[in-house]
Amino acid sequence: MLKYSNLTQQQTIILYQPALRAIAMKMLRCKADAEDVVQETFIKWLSQEQDRIKNTKAYLIKAVRHNCINHLNAVKRKRLESFQWSELVERFKVTTDFSHLDIETELAKAFHILQSKLEPLERAVYVLKEVFDFDYKSLQLLLDKKQDHCRQLFCRAKKKLNDEKDHFNAVFQPKKTALLESFKKACEFGQPSDLVAQLKMN
């Protein structure tokens, strides 16, 4: 039986690779990504001064978990960066002059209801699907929520808004809000990332 303190680098890799792969698979749920992360972990470990690492097993487990988290964050950023915002804006660009008082009032009224009656995620799902025609797959990528959850949020939002129609006071004074301004920018100037951020805020 090998003594762990006397293991060669090759023996260490053979000994711990299965356990590290299992950890990476559980976190990433993708065999190829898990293998890449484990390989990256071993490469970084090999570049370290081995004598300074007191517990190799603990070091490798902590390193592979850290690398998995970094990988997940990188994938999330890549999805957001690659999202076709330009296509979205072109399909749903609003040409109406928002300076017109009636339009401004109606928008202000609508967003007042959205902010007062819907939770942040309900609001985000409702606006992105109802106004910009996002499908549930896109919502899942953008909001990091499962498609079934997004469907539930949308149904819940519609019910709340339908219930609200009969109770909202028709006399309403327009008020500029950050959400309203970001919505207009998304429609007019192609800056929807601000809108998504505002929709998700409390």
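What percentage of the 202 residues of the protein count as buried? The share is 33%. The legends below describe a predicted model.

**Figure 1. The whole protein is built from helices, with zero strands.** There are ten helices. Along the sequence the pattern reads α-α-α-α-α-α-α-α-α-α. Take the contacts between residues at least 6 apart in sequence: 67% of them join residues at least 24 apart. The accessible surface comes to about 13,600 Å². Carbon and sulfur atoms account for 50% of that surface.

**Figure 2. Helix 1 carries a kink at Y16.** The bend is about 45 degrees and comes shortly before the proline P18. Six names make up the buried set of this helix: T12, Y16, L20, I23, A24 and L28. Y16, the site of the kink, is thus also one of the buried residues. After helix 1 comes R29. Its phi is positive, near 55 degrees.

**Figure 3. T12 of helix 1 contacts residues from elsewhere in the sequence.** The helix itself spans residues 9-28. T12 has a relative accessible area of 5%, under the 20% limit, so this residue counts as buried. Neighbours within four places in sequence aside, T12 is in contact with L7, W45, T56 and L60.

**Figure 4. The largest nonpolar core holds 26 residues.** L114, V125, Y126, L128, F132, L139 and L199 have the most contacts inside this core. At least two core residues come from each of these elements: helix 5 (101-117), helix 6 (120-131), helix 7 (136-143), helix 8 (147-164), helix 9 (178-189) and helix 10 (192-199). A second core is separate and has 14 residues. Among them are I23, A34, W45 and C68. I23 is also on the list of buried residues in helix 1.

**Figure 5. L139 touches V125 and L128, among other residues.** K129, F134, D144 and C150 complete the list, which leaves out residues up to four places away in sequence. V125, L128 and L139 are all named among the residues with the most contacts inside the largest core.

**Figure 6. F42 and W45 form an edge-to-face aromatic pair.** By the rule used here, the protein has two aromatic pairs. In this one the ring centres are 6.2 Å apart. The planes meet at 70 degrees, over the 60 that edge-to-face requires, so the pair earns that label. Both residues lie in helix 2 (residues 31-46), three residues apart, so about one helical turn separates them. F42 is buried, and W45 is buried too. W45 also appears among the contacts of T12.

**Figure 7. Y126 and F154 form a stacked aromatic pair.** The distance is 5.8 Å centre to centre, with 20 degrees between the planes. This pair links distant parts of the chain. Y126 belongs to helix 6 and F154 to helix 8, 28 residues apart. Y126 and F154 are both buried. Y126 is also named among the residues with the most contacts inside the largest core.

**Figure 8. Charged side chains sit over the rings of F154 and Y136.** The charged end of K129 lies 4.9 Å from the centre of the F154 ring. K129 is also one of the residues that L139 touches. F154 is the ring that stacks with Y126. Over the face of Y136 lies R151, at 4.7 Å from the ring centre.

Note on methods. Residues numbered from 1 in each chain as written. Predicted model: local features only at pLDDT ≥ 70, side-chain atom pairs only at ≥ 80, totals over all residues. Heavy atoms only, no water. Helix = DSSP H or I, 4+ residues; strand = E, 2+ residues; numbered from the N terminus. Buried < 20%, exposed > 50% of the residue type's maximum accessible area, 1.4 Å probe, protein only. Contact = heavy atoms within 4.5 Å. Areas by Shrake-Rupley, 256 points an atom, 1.4 Å probe, with all protein chains shown as cover. Core = buried A, V, L, I, M, F, W, Y, C linked by side-chain atoms within 4.5 Å. Phe/Tyr/Trp six-rings, centres within 6.5 Å; stacked < 30°, edge-to-face > 60°. Lys NZ or Arg CZ within 6 Å of the ring centre and 35° of its normal. Bend = angle between axes of the 7 residues up to and from the residue.
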